[in-house]
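Take a look at the model below. Then read on for a short tour of its pairs, spaces and surface.

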Amino acid sequence: MLKTAHTQYRHYALLLFLLTLLTLLMVYPLIQQIAAAFLDKGRPSLYWLSSVLSDATFRSQLITSLALGLTVTLLCNLIAFPLALIAARFDFRGKTLLAALVLVPMVLPPFVGAIGMKQLLGTFGSLTILLQHLHLLSPHEGINWLARGGFWALAALISLGLYPIAYLNLQAALANIDPAMLEAAQNLGGKRFANFRRITLPLAMPGIFAGSTIIFIWAFTELGTPLLLDYRRVVSRSIWDDLAQTVSATSDNSRAFAKVVLVLVVSVSAYIVGKLTLGRTSHAMTAKATVGSTTRQLSFSKGLLAAIPFILITGLAVLPHLTVVLYSFTAIASEPARGWGSPDIFGWYRSVLPSRYTLAGYAAVFGKPEIFQSILNSIKYASIATLLNMFLGIAIAWTVIRTRIKGRLLLDSIAMLPLAVPGLVMAFAFVAVLRQFGLRWIIETSPIYVLVIAYMVRRMPYLVRSVAGGLQQTSVTLEEAAANLGASPLRVLRKITLPLILANLIAGGILTFAFSMLEVSDSLILAQYPQHFPITKMIYVLGSDTSGPTNVRDACSLGVLAMMLLILTMTSAALLMGKKLGTIFRAT
């Protein structure tokens with residue numbers, strides 16, 4: 001009895017410590033940010049909030065951002081559902097490779113792909129030149145397809161980067177549907193479409209909502225892509241224009257904080273709706289199939305038809321990435337290069353593909369100190385954040401899964417809070433805290449402390465989910481046996497628990513590191529000077545700076561290296577976690 005009481009005491013002490021830490025890291029900064037929106041000259045006031053809401057331009061931007069989030073969410077599910085359904089129902093030659101290629105768009109942030117889309121869809125980009133070659137446009141007629149597409153170009157680019165999240169969640173949901181239910185419906189005379197509408201679709205709804213919530217919040221607050229496409233009609237760009245240039249200034253910026261609070265309200269509301277909706281239908285996900293899932297083997301010709309959607313979608317999705325790769329090898333005028341183009345002009349000037357190639361862009365990445373320093377900075381920031389998340393993620397997941405104490409569900413909810421709070425909001429929350437204590441100079445002189453905390457907080461859910469998944473799959477019997485033999489809790493954790501969940505821990509750590517390396521919003525806002533820039537901030541600065549002829553190409557070269565890193569990490573994580581990889585990108 002005393003031993004049980006002592007164990008409970010230790011569990012509650014750990015819970016209290018974790019709740020206190022997470023409150024300081026996440027809840028308190030958000031409270032300070034909200035407070036900043038309700039202050040006018042140091043006094044409580046609704047002035048800034050009412051001023052923002054009465055601004056017709058901001059209301060239009062807010063509506064556009066909501067429409068963007070909904071459009072991207074719908075497009076991602078329309079793209080992902082047929083692919084997941086084909087992969088779940090059929091076997092055909094090349095399926096494994098094609099299913100892996102579906103995840104390729106996740107290897108580069110959409111805002112980096114925006115650089116490639118400019119070259120493809122700009123006034124005299126590849127598409128315009130191709131149409132000229134086909135005599136559909138006159139030789140001197142140029143069309144800026146990005147400007148003409150506007151909202152839809154932005155939505156398409158973001159959707160082609162985020163649909164793998166929907167695919168992973170749908171793949172996991174379809175794998176949990178009991179085949180016996182579909183067989184029973186067919187035996188009772190149910191038609192294929194009726195069975196899909198009445199059985200498959202309702203049971204897949206948890207997967208749809210789980211991925212959709214993350215996609216909506218991501219698209220609603222996307223910052224990098226509108227910046228590089230110079231699209232100003234979204235709320236994230238409005239906040240950037242208000243605050244980014246004055247992060248280190250002493251002026252009061254309560255108007256911008258009021259905008260951030262409205263974004264926070266929308267994001268958290270979307271998260272809660274997704275969680276409640278998924279919760280009401282969670283039986284579809286938790287029930288195990290009573291019989292093994294079977295797939296139908298397709299002939300070569302039918303397998304080719306099944307492969308076509310994978311090939312088309314992957315081709316469209318990787319097009320911006322391929323353009324970035326090609327741009328990274330393109331020679332600038334007068335540079336020594338190989339190819340057939342004129343040596344005195346840009347190597348991708350009014351042509352469908354580059355005509356002159358060089359490795360000068362990659363030489364610049366490793367040869368220019370400020371660019372190479374951004375790589376070292378990102379590795380340093382992401383490594384420290386991942387290491388801290390390892391300890392924190394294990395403690396949180398173990399408390400939630402292995403104990404039955406009151407308050408553990410609150411801990412789980414707070415740990416998942418970064419999924420509901422966009423990086424844009426979280427970055428300015430840290431700014432609010434530093435402003436409160438007069439420490440905004442830290443962003444100028446030593447932003448590593450703020451960036452590491454920001455990266456750790458933003459990517460914590462990935463590690464917690466991964467470790468929790470491993471603990472749920474591992475029987476507690478061995479841990480109890482070791483404890484009964486006198487092993488201390490730490491020894492049980494080190495000798496029994498961690499070795500059993502090592503694959504999940506490594507997978508979560510890999511994803512945490514990779515996505516910290518390529519964190520966008522925190523990096524753009526909290527890193528102010530070149531010596532502190534991480535990779536994503538350097539890509540943005542170079543990609544948007546046309547003052548030097550090599551800047552954009554250097555940004556593409558740096559983006560390709562980042563893409564190679566994520567290809568390696570995503571492949572490693574997928575091999576370790578398999579279909580359960582999708583559970584990391586879920587809003588519950």
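The report covers salt bridges, backbone angles, cavities and a surface patch.

This is a predicted model, in which local features need pLDDT of at least 70 and side-chain atom pairs count only at pLDDT 80 or more, while totals for chains, interfaces and linings use all residues. Residues are numbered from 1 along each chain as its sequence is written, and side-chain values use heavy atoms, with hydrogens and water left out.

**Salt bridges**

Side chains of opposite charge can pair when their charged atoms come close. A salt bridge here is a side-chain nitrogen of Lys or Arg within 4 Å of a carboxyl oxygen of Asp or Glu. A search of the whole structure finds ten of them. The table includes three.

| Acidic residue | Basic residue | Closest N and O atoms |
|---|---|---|
| Asp91 | Lys95 | 3.2 Å |
| Asp230 | Arg237 | 3.5 Å |
| Asp241 | Arg232 | 3.5 Å |

Salt bridges that share partners join Asp230, Arg232, Arg237 and Asp241 into one network.

How well covered are these residues? Relative accessible area sorts them: buried means under 20%, exposed over 50%, and partly exposed in between (1.4 Å probe, protein chains only). Lys95 is buried at 17%. Its partner Asp91 is partly exposed at 26%. In the network, Arg237 is buried at 7%. Asp230 is partly exposed at 47%. Asp241 is partly exposed at 30%, and so is Arg232 at 45%.

**Two backbone angles**

Asp230 sits in the loop between α11 (224–228) and α12 (235–243). Helices (H or I, at least four residues) and strands (E, at least two) are DSSP runs, numbered from the N terminus. Asp230 is not a glycine, yet its phi is positive, about 55°. Arg350 has a positive phi too, near 50°, and is a residue other than glycine. Arg350 lies in the loop between β5 (338–339) and β6 (356–357). Its relative accessibility is 34%, so it counts as partly exposed.

**Cavities**

Rolling a probe the size of a water molecule over the atoms shows where empty space is left. On a 1 Å grid over the protein atoms alone, a cavity is a set of points where a 1.4 Å probe fits but cannot get out; lining residues have an atom within 4 Å of a point. Grid points are joined across faces, edges and corners, and a volume is the space filled by probe spheres set on the points.

How many cavities of 30 Å³ or more does the search of the whole structure find? There are three. The largest cavity holds about 480 Å³. Of the 29 residues that line it, the closest to its centre are Trp218, Glu222, Arg458, Arg459 and Glu519. Four elements give two or more residues to this lining: α8 (151–175), α10 (192–220), α19 (417–420) and α22 (448–473). By class, the lining has 20 nonpolar, five polar and four charged residues. Here Ala, Val, Leu, Ile, Met, Phe, Trp, Tyr, Cys and Pro count as nonpolar, Asp, Glu, Lys and Arg as charged, and the others, Gly among them, as polar.

**Surface patch**

Phe300, Leu304, Leu305, Ile308 and Leu312 make a nonpolar surface patch of about 540 Å². Such a patch is made of residues with over 30% relative accessible area and no salt bridge, with nonpolar side chains (Val, Leu, Ile, Met, Phe, Trp, Tyr) joined within 5 Å. Areas come from the Shrake-Rupley method with a 1.4 Å probe. Phe300 belongs to helix α15 (residues 300–328). Phe300 is exposed, at 60%.

Definitions and conventions. Patches are made of residues with over 30% relative accessible area and no salt bridge: like charges are joined within 9 Å, nonpolar side chains (Val, Leu, Ile, Met, Phe, Trp, Tyr) within 5 Å. On a 1 Å grid over the protein atoms alone, a cavity is a set of points where a 1.4 Å probe fits but cannot get out, and a pocket is an open set with protein on both sides within 12 Å along at least five of seven lines; lining residues have an atom within 4 Å of a point.
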